[in-house]
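Biologist: Hi! Could you walk me through this structure? I'm new to this, so please explain the terms as we go.

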Number of protein chains: 2
Amino acid sequence: MKHDFKLDPNIYLPLHEVVFNTLRRAILTGELDPGERLMEIHLATQFGVSRTPVREAIRMLEQEGLVTLRPSRGAVVSSISAESVKDVLEVRRAMDVLCAQLACKRITPEALDALKAACDEFKKAAEAPDKAITTIAACDVALHDIILEATGNRRLKQMVNNLSEQMYRYRFEYLKDSDIYGQLIAEHSAIYEAIAARDEDAAAEACGIHIDNQEDAIMKQIALSAGSPADQ
Amino acid sequence: MKHDFKLDPNIYLPLHEVVFNTLRRAILTGELDPGERLMEIHLATQFGVSRTPVREAIRMLEQEGLVTLRPSRGAVVSSISAESVKDVLEVRRAMDVLCAQLACKRITPEALDALKAACDEFKKAAEAPDKAITTIAACDVALHDIILEATGNRRLKQMVNNLSEQMYRYRFEYLKDSDIYGQLIAEHSAIYEAIAARDEDAAAEACGIHIDNQEDAIMKQIALSAGSPADQ
DNA sequence: ATAATCAAAATTGTATACAAAATACAATCG
DNA sequence: CGATTGTATTTTGTATACAATTTTGATTAT
């Protein structure tokens with residue numbers, strides 16, 4: 001074998017990608033508020049680039065629904081009504097259930113082991129005395145990723161990830177209430193057992209319950225932060 | 001010249017929108033083949049615009065998955081493998097079933113009447129002596145739109161439309177075989193009856209069967225046109 | 001005060017310019 | 001020949017220029 005000079009491919013990314021990723025994250029984490037204007041020159045100077053890549057990034061964000069474009073009047077961060085959150089959750093529920101069903105059919109023994117391990121990890125993190133939310137959240141994500149991966153459906157994976165990201169703002173809220181950890185552990189366990197048994201109906205059922213609980217938490221969260229500036 | 005994109009200067013739309021819509025349609029209808037390169041200057045001169053709006057359009061198409069971007073190496077029309085078609089159909093099936101279920105819950109009496117009318121229209125078009133495929137296809141679309149609208153979920157509507165459009169290339173193929181018209185009429189009828197009776201399970205069942213048949217037709221179509229140039 | 005008007009400033013839409021990278025292809029070496 | 005290098009050409013990435021439109025804010029009339 002020759003020499004394997006491996007240079008970090010992350011060293012360069014097209015600027016529009018960088019701007020896109022950064023703005024995207026800023027919107028999803030709530031760093032940029034709904035209704036806020038995105039002005040090209042300002043963003044460009046902030047990023048230290050020209051308007052061109054900023055415009056490209058904005059067009060991409062619009063395509064993803066994260067910003068709204070009013071011709072000749074610029075872009076604003078899309079406002080997310082309780083209505084639209086309900087819509088997203090409704091779709092995501094169906095997709096998550098589909099994930100569980102497909103996972104029953106297609107998960108490999110190795111992935112099944114990994115799923116079991118992820119459940120245990122989650123349990124350990126949730127029962128730890130310090131209860132680091134970031135750790136717990138990471139375990140939760142890992143667990144879902146294993147199922148998502150097990151579906152073997154790239155498109156589904158992409159769509160579920162996208163929908164989840166739209167809910168990013170509210171993601172950790174439902175983990176703050178440590179009373180529900182026991183319930184979550186049980187739900188995860190039920191999902192694992194169903195998938196391990198290749199029982200599609202049980203998996204769909206268990207997954208549905210799991211999502212419903214998350215939905216309740218998120219909707220409660222939305223209700224609390226209601227009264228914020230709305231627009232369109 | 002191979003493609004001759006011309007744009008109507010009468011009505012005003014931002015150029016990137018015009019380019020986006022035109023290219024999008026060209027890709028979905030197969031006018032532009034998978035793997036084909038999209039070169040900025042060429043497209044720009046064809047459209048009679050500068051590279052800027054073309055670049056913006058390409059970024060939007062990439063976001064939608066219709067083109068693949070290779071940094072510094074330009075964009076190509078995304079190739080659709082049989083694999084990815086299967087993935088899309090799998091997701092769309094779940095979403096269509098969800099549509100039927102939600103429609104059961106939420107459809108208005110007026111929309112229900114419209115659905116019945118649409119079924120009759122389809123039947124009439126399918127049993128007509130001339131059997132104009134475009135008319136039949138239009139009825140089919142109208143019928144599905146009514147259900148989609150009845151879900152009251154804008155996000156779902158957008159996602160299902162997007163997924164359907166990805167299948168645009170193969171849409172009409174399954175309507176060419178007039179042997180199946182009787183079956184289609186029956187399936188539509190079953191869906192209508194289930195929704196009218198607000199029977200979610202029956203609606204899901206009927207809708208699932210309907211989609212499965214469509215899927216078979218499309219996958220058969222794909223298998224026929226296999227051996228086409230692949231890439232990534 | 002409030003509303004209407006209109007020029008100045010700011011912002012977006014589009015085109016172009018130039019640099020960096022990739023590609024094509026001829027010349028060279030083995 | 002085939003592989004390799006070097007160079008011209010093409011194409012993309014980014015910045016900038018200018019026109020068209022919208023926004024701002026002062027000014028005036030009601």
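Modeller: Happy to! One term to start with: two residues are in contact if their C-beta atoms, placed from the backbone, lie within 7 Å. This is a predicted model, where local features need pLDDT of at least 70, side-chain atom pairs count only at pLDDT 80 or more, and totals for chains, interfaces and linings use all residues. Residues are numbered from 1 along each chain as its sequence is written, while chains are lettered from A and ligands numbered from 1 in the order in which they are written.

Biologist: Okay, which residues is B:E56 in contact with, leaving aside its neighbours within four places in sequence?

Modeller: B:E56 is in contact with A:R55, A:E56, A:R59 and B:H16. It is found in helix α3 of chain B; helices (H or I, at least four residues) and strands (E, at least two) are DSSP runs, numbered from the N terminus.

Biologist: And is B:E56 buried or exposed?

Modeller: B:E56 counts as buried, because it has 24 C-beta neighbours inside 10 Å. The cut-offs go like this: 20 or more other C-beta atoms within 10 Å of a residue's own means buried, 12 or fewer means exposed, and in between is partly exposed, with C-beta atoms placed from the backbone.

Biologist: How far apart are B:E56 and B:K116?

Modeller: They are 60 residues apart in sequence, and their C-alpha atoms are 43 Å apart in space.

Biologist: Back to those contacts across chains. How many residues of chain B are in contact with chain A?

Modeller: On chain B, 22 residues are in contact with 22 residues of chain A. The elements giving two or more residues to that side of chain B are α3, α4 (82–106) and α7 (154–166). The largest share, 8 residues, comes from α4(B). By class, this side has 10 nonpolar, 4 polar and 8 charged residues. Here Ala, Val, Leu, Ile, Met, Phe, Trp, Tyr, Cys and Pro count as nonpolar, Asp, Glu, Lys and Arg as charged, and the others, Gly among them, as polar.

Biologist: How are the two copies related?

Modeller: A turn of 180 degrees and a shift of 0.0 Å along the axis lay chain B on chain A with an RMSD of 0.1 Å. The two copies are therefore related as by a two-fold rotation axis. The same surface serves both copies, since 100% of the contact residues of chain B recur in chain A. The copies are superposed by least squares on the C-alpha atoms of residues with pLDDT of at least 70 in both.

Biologist: New topic: DNA. Which residues come nearest to strand D?

Modeller: Of the 19 residues around DNA strand D, the nearest are A:L15, A:V49, A:S50, A:T52 and B:G74. A residue is near a strand if its C-beta atom, placed from the backbone, lies within 6 Å of it. α3(A) gives the most to this surface, with 3 residues. The surface has 7 nonpolar, 7 polar and 5 charged residues.

Biologist: And DNA strand C?

Modeller: There are 17 residues around DNA strand C, and A:G74, B:L15, B:V49, B:S50 and B:T52 come nearest. For this strand, the largest share of the surface, 3 residues, comes from α3(B). The classes here are 7 nonpolar, 7 polar and 3 charged.

Biologist: What about chain A by itself?

Modeller: Chain A has 11 helices and 3 strands. Its domain assignment gives domain 1 (9–77) and domain 2 (82–224), with bounds that come from an automatic or database domain assignment. The C-alpha centres of these two domains lie 30 Å apart. Of its 232 residues, 32% count as buried.

Biologist: Can you show me one buried residue there?

Modeller: Sure, take A:L66, in the loop between α3 and β2 (67–70) of chain A. A:L66 is buried because 23 other C-beta atoms lie within 10 Å. Not counting residues up to four places away in sequence, A:L66 touches A:R24, A:I27, A:L61 and A:S78.

Biologist: Last one: what is the mean pLDDT of chain A?

Modeller: The mean is 89, and 92% of the residues of chain A reach 70 or more; pLDDT is the predictor's confidence in each residue, from 0 to 100. Over residues 1–7 of chain A, pLDDT stays under 50, and the model has 0 contacts for them beyond four places in sequence. Residues 228–232 of chain A also stay under 50, with 6 such contacts beyond four places in sequence. Where pLDDT is low, the predicted coordinates should not be read in detail.
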